[in-house]
Amino acid sequence: PLHETYFETNPNLQHDWNTGIHGWDHGKMDGFYIGNGKTYAAYAYIDRDQIIPYWDMAEQYVLADAMFPTEFGGSWTAHLNLVAGTDDINKNHAEVNYPTHANGCDAPPGTLSSLLNSRRQAGRGNGPFPCFTQWNTMAEVLDNAGISWKYYVTKRLDAGIWSPFESIAYVRDGKDWDSNIIVPQTKILTDPGNNDLAQVSWVTPSHTDSDHPGAHSDQGPSWVSAIVNAVGESSYWNSTAIVIVWDDWGGWYDNAAPPQPDFRGLAERVPCLIISPYARQGTETEGGYIDNTQYEFGSILKFIEEAFDLPAIGKESQGYTDQRATSIVDAFDFTQTPRPFIPFNSKYPASHFIHEPPSNVPVDNE
């Protein structure tokens with residue numbers, strides 16, 4: 001039976017590759033009992049009273065209830081896939097879990113990444129140094145088309161496994177590093193009002209503001225509300241789409257069996273909210289729109305490509321998922337009159353985050 005848990009007390013459950021595969025159990029979705037010796041701790045829920053802003057967003061805009069990460073496992077590969085649509089080293093091997101010492105081109109000498117093979121065997125320290133040239137990312141595609149982009153992150157160096165461009169040689173060793181990697185992440189709260197929002201932006205939170213299990217913080221819903229309000233109350237609203245997605249399932253139980261298009265996944269479902277003046281609307285009695293379309297992280301990248309008439313990052317035969325993925329365009333109705341923005345209420349105001357001191361807490365270890 002499910003039991004209630006709370007932001008302030010929920011445990012940080014194991015959520016690496018093997019745990020994800022075990023929970024999936026060939027689609028039976030019945031193996032979620034691993035995690036810090038806490039039997040059945042994964043079978044839990046958080047009451048809606050703790051996440052009122054998320055419910056309010058879902059009831060006004062789009063809840064995409066079939067969003068699946070590209071790969072089983074945790075944050076490391078999820079964030080790589082959110083900017084690249086792949087983490088394949090070659091056709092038979094993909095990155096998995098996390099490197100031996102640190103991620104990124106500035107990792108200590110001797111650091112090795114970890115690989116998953118096509119037989120779904122996860123290694124440890126059997127991959128290359130985590131400064132990748134083996135695949136392209138959306139950064140190259142946007143740069144080549146002259147489309148501005150920013151990646152908001154807690155700090156420029158050693159930001160942890162939620163900062164994927166630190167591991168991409170094209171960005172870390174190129175011109176984008178100083179201009180497009182934006183620190184601290186709280187600048188997303190002021191850039192829209194200062195007319196300084198890029199055409200494409202990724203935003204990652206601090207550990208405390210992330211909803212991360214074990215963080216013992218309830219600030220995540222307010223952090224997300226602050227971002228949405230900053231954009232919604234700016235001049236950018238009428239031409240903007242906001243996609244709110246969590247990077248992995250965190251070890252928690254879910255009942256939806258993910259499809260398996262390749263040896264990496266798809267992995268356990270994650271929540272996804274889509275907010276825009278053109279977000280599709282439900283009926284008068286239903287309020288927000290429930291989008292049952294099967295999406296994956298590549299669906300977000302494909303929508304970016306469609307919005308700016310860009311080529312795919314790479315071929316599906318080379319492991320890229322943006323070509324195969326169904327675009328999130330199904331969540332929009334571009335024939336409707338743009339919807340006016342109504343700010344969301346939350347427990348903590350935007351000023352709480354704008355004045356938040358820099359965080360040196362590691363974002364995650366999986």
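**Pocket, strands and cores**

Tutor: The second largest pocket is lined by 21 residues, and those nearest its centre are Asn-103, Ala-159, Gly-160, Ile-161 and Asp-364. The model is predicted.

Student: What makes a residue part of the lining?

Tutor: A lining residue has an atom within 4 Å of a point of the pocket. For the second largest pocket, 21 residues pass. Its volume is about 310 Å³.

Student: What is the lining of the second largest pocket by class?

Tutor: Eight residues are nonpolar, eight polar and five charged. Gly counts as polar and Asp as charged. Gly-160 and Asp-364 are both in the lining, so by class Gly-160 is polar and Asp-364 is charged.

Student: Why is Asp-158 called exposed?

Tutor: Its relative accessible area is 51%. Exposed means over 50%, so Asp-158 qualifies. Asp-158 sits in the loop between strand 8 and helix 5 (169-172).

Student: What is phi of Asp-158?

Tutor: Phi is near 55 degrees, a positive value in a residue other than glycine. Most residues other than glycine have a negative phi. Asp-25 also has a positive phi, of about 50 degrees, although it is not a glycine. The loop that holds Asp-25 runs between helix 1 (17-24) and strand 2 (44-46).

Student: Which residues does a cis peptide bond join?

Tutor: Val-183 and Pro-184, with omega about -10 degrees. Most peptide bonds are trans. Pro-184 belongs to the loop between strand 9 and strand 10.

Student: What makes strand 9 and strand 10 edge strands?

Tutor: Each pairs on one side only. Their open sheet has three strands in the order 9-8-10, with parallel pairing. Strand 9 covers 181-182 and strand 10 covers 200-203.

Student: How do you know that strand 8 and strand 10 pair?

Tutor: Pairing needs at least two bridges. Strand 8 (residues 149-152) is joined to strand 10 by four bridges, so the two strands pair. In one of these strands, strand 10, Trp-202 is the bridge partner of Tyr-151.

Student: Which strands pair with strand 12 in the antiparallel sense?

Tutor: Strand 3 (residues 62-64) does so over two bridges. Strand 11 (residues 242-245) does so over four bridges. With at least two bridges required, both count as paired. Val-62 has Ile-274 as its bridge partner. Ile-244 has Leu-273.

Student: How do you know that both faces of strand 12 are covered?

Tutor: Strand 12 spans residues 272-275. Side chains in a regular strand alternate between the two faces of the sheet. Cys-272 and Ile-274 lie on one side, Leu-273 and Ile-275 on the other. All of these are buried, which means under 20% relative accessible area.

Student: What makes a set of residues a nonpolar core?

Tutor: The residues must be buried, of the listed kinds, and joined through side-chain atoms within 4.5 Å. The largest such core has 45 residues. Met-57, Val-228, Ile-244, Ile-274 and Ile-275 have the most contacts inside it. Elements that give two or more residues to this core include helix 2 (52-60), strand 3, strand 11 and strand 12. Helix 7 gives the most, with six residues.

Student: Which residues does Val-228 touch?

Tutor: Leaving out residues up to four places away in sequence, they are Met-57, Ile-242, Ile-244, Ile-275, Phe-341 and Phe-344. Another core lies apart from the largest one, with 33 residues, among them Ala-84, Met-138, Val-200 and Trp-202.

Note on methods: Residues numbered from 1 in each chain as written. Predicted model: local features only at pLDDT ≥ 70, side-chain atom pairs only at ≥ 80, totals over all residues. Heavy atoms only, no water. Buried < 20%, exposed > 50% of the residue type's maximum accessible area, 1.4 Å probe, protein only. 1 Å grid on protein atoms, 1.4 Å probe; cavity = no way out; pocket = protein on both sides within 12 Å on 5 of 7 lines; lining within 4 Å. Points joined across faces, edges and corners; volume = space filled by probe spheres on them. Contact = heavy atoms within 4.5 Å.
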